[in-house]
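Please walk through this structure with me, beginning with one side chain and its surroundings and moving outward to the strands.

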Amino acid sequence: MWVFPLLTRLPSHFEFQITSAFDMEAVTFKKLVKGHAYSVTGGEQINYRGQRVNLIRIRNPWGEVEWTGAWSDSSGEWNAVEPAVGQQLRVKMEDGEFWMSFQDFLREFNRLEICNLTPDALKARKFRKWNTTLYDGTWRRGSTAGGCRNFPATFWINPQFKIRLEEVDHEDEDGRREPGCSFLLALMQKNRRKERRFGKDMETIGYAI
C-alpha cells in the first residue's frame with residue numbers, strides 16, 4: 001500500500017558523519033546508527049531536580065534501534081520527573097521514537113538539515129496554507145505493477161496522475177520571483193513498518209514526473 005501526497009511538510013533531519021563505508025549503518029554503544037537519517041519530532045523544557053532541562057524528541061524512521069542513553073524510554077532520569085509530566089511526554093511515543101537531552105544531541109550528531117517547506121517565505125508578513133491532496137492506492141502484480149524504467153514495455157501501466165495547477169503563486173514582497181505554481185510531491189509506504197513482525201520489509205519504490 002502506498003500513499004501519494006501532493007503537498008507535505010517535512011521536519012528537520014540529521015545524521016552521523018561517517019569516515020568510511022565500514023561505518024555506514026554501524027550501531028554505536030548507545031544504539032545510534034551511523035550514517036542514518038533521523039528526524040526531529042518535538043522539543044520540551046522540563047523541571048529536573050530543580051533545574052530546567054531541554055529535551056529533544058527524535059525518531060528513527062526504521063523504528064527498530066533506539067537511543068539507550070539519558071532520557072531514553074527506560075532511563076532512570078524519568079524517575080526524578082513529575083509523574084504527570086513524564087506520562088504526558090511518553091504516552092504518544094511511536095516505535096523508534098525517543099527523547100534525549102539537547103546537550104547529548106549536540107554531542108552525538110554533527111550534521112543538521114532544516115527543511116523550510118512552508119508556503120511563506122522566511123520574511124513574509126502574511127500567513128498562507130498549503131492545499132493538500134492525497135492519492136491512496138497499490139501496485140498489483142499483472143495489473144498496475146509495471147516496474148521501473150528498466151522495463152519500458154510495461155512501465156506505462158504504473159498508476160499515473162495528471163495534475164493541473166491553476167492558481168499562480170503570490171509574488172514576493174520584492175517582486176523578483178517569476179510567475180509560476182509551486183507544489184511538492186512525496187511518495188510513502190503506508191504502515192509498512194508495522195508489517196515487519198510478519199517478515200516483510202520496506203519495498204523499493206519511486207516515481208517520475
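In this predicted model, W71 is buried, because its relative accessible area of 3% falls under the 20% cut-off. The ring of W71 pairs with that of W78, and since the centres lie 5.1 Å apart with the planes at 85 degrees, which is over the 60 degrees required, the pair counts as edge-to-face. W78 is likewise buried, with a relative accessible area of 6%.

The structure holds seven aromatic pairs, and another of them joins W71 to Y48, whose ring centres are 5.0 Å apart and whose planes stand at 70 degrees, so this pair is also edge-to-face. The contact links distant parts of the chain, with Y48 in strand β3 and W71 in the loop between β4 and α1 (83-90), 23 residues apart. Y48 counts as buried too, because its relative accessibility is 17%.

From Y48 in strand β3 we can turn to the strands themselves. Strand β3 (residues 38-48) runs antiparallel to strand β4 (residues 51-59), and nine bridges join the two; within this pairing, G43 has I56 in β4 as its bridge partner. The two strands form a hairpin with two residues between them, and R49 in the turn has a positive phi of about 55 degrees.

Strand β4 is also joined by five bridges to strand β5 (residues 97-101), again in an antiparallel arrangement, and here the bridge partner of I58 is F98 in β5. F98 leads back to the aromatic rings, as F98 forms one aromatic cluster together with Y38, F102, F105 and F109.

Note on methods:
Residues are numbered from 1 along each chain as its sequence is written. This is a predicted model: local features need pLDDT of at least 70, side-chain atom pairs count only at pLDDT 80 or more; totals for chains, interfaces and linings use all residues. Side-chain values use heavy atoms; hydrogens and water are left out. Two strands pair if DSSP finds at least two bridges between them. Helices (H or I, at least four residues) and strands (E, at least two) are DSSP runs, numbered from the N terminus. Rings of Phe, Tyr and Trp (its six-membered ring) pair if their centres lie within 6.5 Å; planes under 30 degrees apart count as stacked, over 60 as edge-to-face and the rest as tilted. Buried means under 20% relative accessible area, exposed over 50%, partly exposed in between (1.4 Å probe, protein chains only).
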